[in-house]
Amino acid sequence: MAAAKYAPDSLDRRIIAHLRTDGRASLTKLSDALGVARGTVQNRLDRLIETGTLLGFTVRVREDYDVNTIRAVMMVEVVGKSTTQVVRKLRGLTEISALHTTNGNWDLVADIRAASLADFDRLLREVRMIDGIANSETSLLLSTV
């Protein structure tokens, strides 16, 4: 029997909203902003991490920070009922900055950011080796207009 998925309540959602704005906010800063005890924030964060609701903390960088970054969009077709397994593997690839489900011919769309063409090439090889991926199509993003 599968474990029930954790459903964040309003306090959890407020914590997540603050972390989206400032992922480095201290427990004290979060507790002051939310009007709850520091221990409450710590317990909630622990639970959000343990349940997989929060997958981690990351850095957001301005689009123009590194003009040499290779950016691409990859559409992925998944075989049968292996979506959960494929999503888990794709999330583990550092070059995939976001992953979306979609409708139509493709099951998933991945936003890719790679430091170099060599890293991009390696990523493509790694994706092709993931069990459950039937097909993929990748387009480089050349410029933003």
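**Notes on Ile96 and the salt bridges**

1. A good place to start is Ile96: with a relative accessibility of 10%, this residue counts as buried, because the cut-off for buried is under 20%. Please keep in mind that this is a predicted model.

2. Where does Ile96 sit in the secondary structure? Ile96 belongs to strand E2, which covers residues 96–101. Leaving aside residues up to four places away in sequence, Ile96 touches Leu90, Ala110, Asp111, Ile112 and Leu123. As for Thr21, the C-alpha atoms of Ile96 and Thr21 are 21 Å apart in space, with the two positions 75 residues apart in sequence.

3. On to the charged pairs. Side chains of opposite charge can pair when their charged atoms come close. How many salt bridges does a search of the whole structure find? The search gives 7, and the points below go through some of them.

4. Have a look at Arg44 and Asp12, which form a salt bridge with their closest N and O atoms 3.0 Å apart. Arg44 is in helix H3 (residues 38–50) and Asp12 is in helix H1 (residues 10–21), so this pair ties together parts that are 32 residues apart in sequence. Are these two residues buried or exposed? Both Arg44 and Asp12 are buried.

5. Helix H5 (residues 117–128) holds both Arg122 and Asp119, 3 residues apart, or about one turn of the helix. Their side chains meet in a salt bridge at 3.8 Å, N to O. You may want to note that the cut-off for a salt bridge is 4 Å. Arg122 counts as partly exposed because its relative accessibility is 27%, and Asp119 is partly exposed too, with a relative accessible area of 25%.

6. Arg125 and Asp121 also lie in helix H5, 4 residues apart, again about one turn of the helix. The salt bridge between their side chains has an N to O distance of 2.5 Å. Arg125, at 44% relative accessibility, counts as partly exposed; Asp121 is partly exposed as well, with a relative accessible area of 36%.

7. Which residues are linked in a network of salt bridges? The network links Glu95, Asp119, Arg122 and Glu126, so if you view the Arg122 and Asp119 pair of helix H5, it helps to show Glu95 and Glu126 alongside, as members of that network.

How values were computed. Residues numbered from 1 in each chain as written. Predicted model: local features only at pLDDT ≥ 70, side-chain atom pairs only at ≥ 80, totals over all residues. Heavy atoms only, no water. Helix = DSSP H or I, 4+ residues; strand = E, 2+ residues; numbered from the N terminus. Buried < 20%, exposed > 50% of the residue type's maximum accessible area, 1.4 Å probe, protein only. Contact = heavy atoms within 4.5 Å.
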